[in-house]
Amino acid sequence: MIVELGHYSLVLALALAIVGFVLPLIGALRHDAQLMAVAPSATVAQFVFVAISFAVLTHAYLVSDFSVANVVENSHSMKPLIFKISGVWGNHEGSMLLWVLILALFGALVALFGRNLPLRLKALVLSIQSLIGVAFLFFILATSNPFLRLSPAPIEGRDLNPILQDIGLAIHPPLLYLGYVGCSISFSFAIAALIDGRIDAAWARWVRPWTLAAWVFLTLGIAMGSYWAYYELGWGGWWFWDPVENASFMPWLAATALLHSAIVMEKRDALKIWTILLAILAFSLSLLGTFLVRSGVLTSVHAFASDPTRGVFILGILCVFIGGGLALFAARAPSLAPGGVFAPISREGALVFNNLILTAACATVLTGTLYPLVLEALTGGKISVGAPFFDMTFGPLMVPLLIAVPFGPLLAWKRGDLLAASQRLMAAFLVALAVIVIGLFLAGTGSALAILGIALAAWLLVGSLSDIAFRVKLGRAPLAESVRRGVGLPRAAWGTMVAHFGLGLTVLGIVASTAWNSETIVTMKPGDSVEVAGRTLAMDGFLPVAGGTYTGTAVRFSIREGGAAIGTLQPEKRFYTVQNMPTTESAIRTFGFSQLYVSLGDVKPDGETTVRVYWKSLITLIWLGALVMAAGGTLSLSDRRLRVGAPKPARRAVPVAAE
Amino acid sequence: MLLWIAMAVLTAVASLVVLAPLGRRGTSDAAADSAGSIYRDQLAELARDREAGLIAESEAEAARIEIARRLLKVTDAGADRLRDGATLRRFAVLVAIIGLPLIAVGTYLAIGSPNLADQPLAERRQASNDSELDGLVAKVEAHLAAEPNDGKGWEVIGPVYMRMGRFDDAARAFDNSRRLLGATPDRDALYGEALVRIHGGLVTADAEQAFASALKADPSNVRARFYIAIGLGQSGRKDEAVAAWKSLIDSAPADAPWLDSAKAELAGLEGGAPMAAAPGPTANDVAAAADQTPEQRQQMIEGMVSGLAARLDASPDDPQGWARLFRAYIVLGRQADAEAALVRARGLLAGKSDVLAAVEKAAADNGISAKAAP
């Protein structure tokens, strides 16, 4: 009975979503307060019913109810508890249910906490949010229903894809979906503003935090996915420009742009139309990201969820939301009142520059991702667009943006002073120069490109600190005074610094791990050893491992540095008996920010084993940087102050940025 | 019944959630005001900042003017002019109490399975009083994982997989037994049947090939003839199919379990009824078996083994049969039964030293030893 009740809850949620879309929309168009008032309660109830059905599905996994087809296909009674839970969304149907759960949750949050939203705006936003809910719930019930039953029930399940039996599955998809779905709120606000025909302060006040929250989750989700791919797939790579990775990266780029333009909108009432367009684009790319994985047109590590029969449905949803959103934008955007004006050299100008480059970068990635598909559809020719394309296009695009990042926070609103800003960045400039000189002296011109990259990272790191250092008068006033000023600074300013600093860390990690990595593939027997980055890796022997639904062999290596043993590594080859699938589990040890990475290739009967040994310099900085970026976003999110960017009187020569 | 009551309660909650705000009044004033309230909050915060000394006087003044300007703009645009529409409200009430339940119940009845109870694994195991069947299958699987070249093991587990509905596994098992033990008409036909079941009753080219090779060695193989006949019907070769069914039915013993299905197929062809990818009687058997409780399935497997034992007691002159029986007992973990069977074989085969030698060898292969017959 429980299972069927969960199924019925999902159906009820669909019915409520339809009602929650239709009634408030009519209410908003006809100015009927009662009909508009239906929106919040319908939205909250929608969340409750989706939550019930999600809880029911999870329960079915926990008790191994094999009368549910979805449980049979993705679970096994012997599976460890954590993977029984994460297995709920480790498949297409369950992951769509998680998606809708988060969608409904966000709608409910807007309904509950949007007390100071104008009634009409709130009704429209929730109505659009419900419309998205209708599309997804209908999609789930019609093509991907996780509550389909089997009678008679099989005795045992088929187990989850071994690659997904990892803690990464418990974290990566929920974070990513929080990010994707967070973009839906900005989208709903944008569509509501277009229907309403006006954008006021409440609009910007709401869009920025939602975008920021979505961006924080996207950042964490992508970083987690990247680290997961790095340690699970055993190739030692952390980013493959795989179409599906790009699919999550594009909304991130768009959300980053939106996040910055929303600041301009909130403070200066400018860039309204552009911000709305970005909100539509960010969510469109999120939809693309959600569905590109499932459409079956792409093959990748995410192919677990693909089923071409759903293609038409997916195409329909994409057309309605992307096409509909853009069409509405084209029809209504001209009627929106444009906002304030500003000089090219100003905070606004810097943010526009940021937006232009980020959207161009996003378009580049989109081109690289979809071009092979389009070409194949048109001419039947198959081409593959890989890392070289992205390295040659995306990389150069990002360089000017990264150079410009430290300038942004230093420029005043409306009209800024580039010279004054440059003076304050002198320290960062000198550090970058020193990096180049010392680097060339030590490493020679052979790795000039890498050294320039490191210099760029140093410029970002020191430059992001410069703004705060200047504002608290570090070194120019007594320390106590600086601390007092630091405490008084808005958290948003600290958030900016932390996030930009994190970006610098990530750049440093990318450059260093690309330039100074080593890859050794050797055939070893117990007793053999290999040198890597000043350390010795010796193969000790084999030991059997088993757990859950797999059996396998581990190889123990000991690491020695200068004759002293400093640790062991234990990569494994596993065989998952139910899925009939072998996997390789790599072993990683972190030294400082760098990592020693060992994974196993073929094991021959006589014990001769192919071993891949990687040394990755400063690689953890890539993900640490992302964590720092997310922390910066959270810090900025916690700044609940209202923002008004007061223009400086023009006569002041040295503007001080006001928050 | 409980399910319907619970569903009714949920539906009522959903309707009420929509109805409640429709009955409420007096939301208009608060709504009209909230657009301006943001700006009032901003002004208040500005005042706080100025008192705390966070921003300079001139900046605060500039910000105040900016906020005031925006506030005026909103006031100019006017608050939402709200109307009360009685007709609209009636429509909304109808949607809440009729439309919403109709959508929900209608959709659910189309896609739900209200008659299926939950079947958590622990409960099912308790209901069948043991988890032996799982244990037995798991035991055999573990054995085969360790010794994948044990053709007899595959032969034992194949039919079990078929009964469990794991047709992919069954096909693999039969294929392995064919490969390791050599093809026989029965093995070929079983393999073909598993392929047919994988494809939901469709006789594919692979399956047809398996049946053809079974018939080549044994033209009277019933299973192969049955599926070949189905395949002929599916590929539209009606006359050949009719002929095949007729000869099959003519040669059938009166109590053959598949006879009714065969007659139905024949009637369908002659009546010109549209061809469905019909599962055969053996397939129906499987479906029937699948409907059984785990306990019944358990009995079924035991039945297969005891049937073999009984057959050997009646005609013991079959060393391969004895080997299969030993193998079955061993993979099922019934060591004592295996030893008892060996003792029995020695008794029955006394005087047929060549057969007994083969049986003894099979027993030794399976690690069975028993004291000499009394």
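## Salt bridges, a helix pair and a greasy patch

The side chains of B:Asp188 and B:Arg178 come together in a salt bridge, 2.8 Å from N to O. Keep in mind that this is a predicted model.

**Exercise 1. Place the B:Asp188 and B:Arg178 pair in the chain, then work out how covered each partner is.**

Step 1: Start with the pair itself, a salt bridge at 2.8 Å, N to O. It links distant parts of the chain, with B:Asp188 in helix α9 (residues 185–198) of chain B and B:Arg178 in helix α8 of chain B, 10 residues apart.

Step 2: Now check the cover. B:Asp188 has a relative accessible area of 4%, so it is buried. B:Arg178 comes in at 21%, so it is partly exposed.

**Exercise 2. Stay in helix α8 of chain B and describe the bridge between B:Arg172 and B:Asp169.**

Step 1: The closest N and O atoms of B:Arg172 and B:Asp169 are 3.1 Å apart.

Step 2: Both residues sit in helix α8 (residues 167–181) of chain B, three residues apart, or about one turn of the helix.

Step 3: B:Arg172 has 35% relative accessibility, so it counts as partly exposed. B:Asp169, at 17%, falls under the 20% cut-off and is therefore buried.

**Exercise 3. Move to chain A and decide whether A:Asp196 and A:Arg120 are buried or exposed.**

Step 1: Find the contact: the two side chains meet in a salt bridge of 2.2 Å, N to O. This pair also links distant parts of the chain, as A:Asp196 is in helix α7 (residues 167–196) of chain A and A:Arg120 in helix α6 (residues 119–143) of chain A, 76 residues apart.

Step 2: Compare each value with the cut-off of 20%. A:Asp196 has 14% relative accessibility, so it counts as buried. A:Arg120 has 11%, so it counts as buried too.

Step 3: For context, a search of the whole structure turns up 18 salt bridges over all chains.

**Exercise 4. Work out how α11(B) and α12(B) run relative to each other.**

Step 1: Helix α11 (residues 222–234) and helix α12 (residues 238–250) of chain B pack at about 155°, with axes 8 Å apart.

Step 2: That angle makes α11(B) roughly antiparallel to α12(B). The crossing is left-handed.

**Exercise 5. Find which helix gives the most to the nonpolar surface patch.**

Step 1: The patch covers about 850 Å², and its members include A:Met1, B:Met1, B:Trp4 and B:Leu109.

Step 2: In chain B, α1 (2–23) and α4 (86–111) each supply at least two residues. α1(B) gives the most, with five.

Step 3: B:Met1 lies in the segment before α1 of chain B. Its relative accessibility is 73%, so B:Met1 counts as exposed.

How values were computed: Residues are numbered from 1 along each chain as its sequence is written. Chains are lettered from A and ligands numbered from 1 in the order in which they are written. This is a predicted model: local features need pLDDT of at least 70, side-chain atom pairs count only at pLDDT 80 or more; totals for chains, interfaces and linings use all residues. Side-chain values use heavy atoms; hydrogens and water are left out. Patches are made of residues with over 30% relative accessible area and no salt bridge: like charges are joined within 9 Å, nonpolar side chains (Val, Leu, Ile, Met, Phe, Trp, Tyr) within 5 Å. Accessible areas come from the Shrake-Rupley method with a 1.4 Å probe; for residues, only the protein chains shown count as cover. A salt bridge is a side-chain nitrogen of Lys or Arg within 4 Å of a carboxyl oxygen of Asp or Glu. Helices (H or I, at least four residues) and strands (E, at least two) are DSSP runs, numbered from the N terminus. Buried means under 20% relative accessible area, exposed over 50%, partly exposed in between (1.4 Å probe, protein chains only). Axes are lines fitted to C-alpha atoms, for helices over the stretch in contact, and angles run from 0 to 180 degrees between N-to-C directions. Angles under 35 degrees count as roughly parallel, over 145 as roughly antiparallel, 65 to 115 as roughly perpendicular and the rest as oblique. A crossing is left-handed if the near helix is turned anticlockwise from the far one by less than a right angle, and right-handed if clockwise.
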